[in-house]
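Trainee: Please take one part of this model and go through it closely, from the strands at its centre outwards. I would like one connected account rather than a list.

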Amino acid sequence: MLELIRGLHNIRPSHRGCVVTIGTFDGIHHGHQMLIHHLCAKSIELQVPSLLVTFEPTPTEYFRGEAVPARLTRFREKFRLLEETELDRVMCIPFNERTRSISADEVIEQFLVELLDVQYLVVGDDFRFGKNAEGDYAMLKTAGDKYHFGVSHMGTLQFEYERISSTRIRQALHEGDFTLAEKLLGRPYFMMGPVVEGQHLGTKLGTPTANIRLQRYKSALEGVFAVVVEGEGFDKPYEGSAYVGTRPTIDGVEPLLEVHLFDFSDDIYGKRLKVSFLEQFRGDVKFESMDELRHQIQLDLENTRSWFTENRHLHKLLRKVN
């Protein structure tokens, strides 16, 4: 079972002596997976545990706030994906004023050497660390020679002659290219979360929905989508229609994920759902009236059902439903 270490104060003597990687790892895409595989291979070779270190909020979110790029995975989603790897441990460090002010030398001497007794460090090819991003790979190599730990960095992984990156995946999702996003991620793009009590607007409009808070500064998606939904206690995945946005027709502010599951009527408040996105039908639109919105929702449902009928044989997730 993957161990979660929350904060530096929870590091124990038993956590010392490990191979380490550090980064944001937004999306856990193929490039991240390659790095993690290399780390775990080193773990086996050196016979010490593997540790992935990440941050909440991400450094970019801390510095840029609401101007931050859309986030692909919040922490729980990220941890769920890391559970599928061979990693032994994940450490989540709060990124705050104290964290941002730590010098690169302190990161090496106090964190990597004194706290973790790192045996080997693997980083991405663009890795920077410490106050004002003063630390780089050359600095780590010098420190490795001094403190006797190995250091390596992973080269860029490409797909169709372009670098696989979280930025490229965000762009693919923004353009509605879910096929490309799936190839870069190694799986369909999904969001997770518990179903929360809403304003029952969907029920009033004749289309009850399960509401999930996005819990991120900005969503990588907005609009209406064909989705496959899995959940706690579900006997199978279900097809559905999902809306992601702030509901501008009613002057909403908080971004939500609202999902209408086809041929499903169970009470699922509090249940955690995994919503995988397969196709986009339209963007987020402010309608002139509730009647216009109600009419568009019915069209969205018809379009989504038709899409599933025509494409069910093409995707493994849809074959799981049936």
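Mentor: Strand E5, helix H6 (residues 137-147) and strand E6 form a β-α-β unit that is right-handed. This is a predicted model, and what follows should be read as a description of that prediction.

E5 covers residues 118-124, and five of its seven residues are buried, so the strand is largely enclosed by the rest of the structure. Its pairing with E6 (residues 150-154) is parallel and runs over five bridges. Within that pairing, glycine 124 is placed opposite methionine 154 of E6.

E5 also pairs with strand E2 (residues 18-22), again in the parallel sense, over four bridges. Two of the facing positions can be named here: cysteine 18 is opposite valine 118 of E5, and valine 20 is opposite leucine 121 of E5.

E2 itself has five of five residues buried, so this strand too is largely enclosed by the rest of the structure. In a regular strand, side chains alternate between the two faces of the sheet. In E2, Cys18, Val20 and Ile22 point one way, Val19 and Thr21 point the other way, and all are buried.

E2 is further joined by four bridges to strand E3 (residues 50-56), and these two run parallel. Valine 20, already placed opposite leucine 121 in E5, stands opposite leucine 51 in E3. The chain gets from E2 to E3 by way of helix H1, in a β-α-β crossover that is right-handed.

Back at the helix of the opening unit, H6 packs with helix H5 (residues 104-115). Their axes come within 11 Å and cross at roughly 45°; the two helices are therefore oblique to each other. The crossing of H5 past H6 is right-handed. From H5, the contact is made by Ala104, Asp105, Ile108, Glu109, Leu112 and Val113, and from H6 by Met139, Leu140, Ala143 and Tyr147. As a general point on such spacing, an α-helix has 3.6 residues a turn, so residues three or four places apart point the same way.

Further along the chain comes helix H7 (residues 166-174). Its buried residues are Ser166, Arg168, Ile169, Arg170, Ala172 and Leu173. They pack against helix H1 (30-46), strand E7 (158-159), strand E8 (162-163), helix H8 (178-185) and strand E14. H1 is thus a link back to the earlier part of this account, being the helix through which the chain crosses from E2 to E3.

Just after H7, glycine 176 has a positive phi of about 75°. H7 and H8 then pack at an angle of about 155°, their axes 8 Å apart, and are therefore roughly antiparallel to each other. Their crossing is left-handed. On the H7 side the contact is made by Arg168, Ile169, Ala172 and Leu173, and on the H8 side by Phe178, Leu180, Ala181, Leu184 and Leu185.

E14, one of the elements against which the buried residues of H7 pack, belongs to an open sheet of six strands. The order there is E9-E14-E11-E12-E13-E10, and the pairing is antiparallel. E9 (190-194) and E10 (210-213) stand at the edges with a single partner strand each, so one side of each has no neighbour in the sheet. From one strand to the next, the twist averages 35°. Helix H3 (residues 75-82) packs on this sheet, where it touches E9 and E14 (272-282); the direction of H3 makes about 115° with that of E9.

At the other edge, E10 is joined by four bridges to E13 (residues 256-261), and the two run antiparallel. Isoleucine 212 has leucine 257 of E13 as its bridge partner.

The loop between E12 (238-245) and E13 contains glutamate 254. This residue is partly exposed, with a relative accessible area of 40%. Apart from its neighbours within four places in sequence, glutamate 254 is in contact with Arg213, Gly245 and Thr246. Arginine 213 is 41 residues away from glutamate 254 along the chain, yet their C-alpha atoms are separated by 8.2 Å.

Definitions and conventions. Residues numbered from 1 in each chain as written. Predicted model: local features only at pLDDT ≥ 70, side-chain atom pairs only at ≥ 80, totals over all residues. Heavy atoms only, no water. Pairing = 2+ DSSP bridges. Axes fitted to C-alpha atoms, helices over the stretch in contact; angles between N-to-C directions. Contact = heavy atoms within 4.5 Å. Buried < 20%, exposed > 50% of the residue type's maximum accessible area, 1.4 Å probe, protein only. Right-handed = clockwise from strand over helix to strand, strands pointing away. Parallel < 35°, antiparallel > 145°, perpendicular 65-115°, else oblique. Left-handed = near helix turned anticlockwise from the far one by under 90°.
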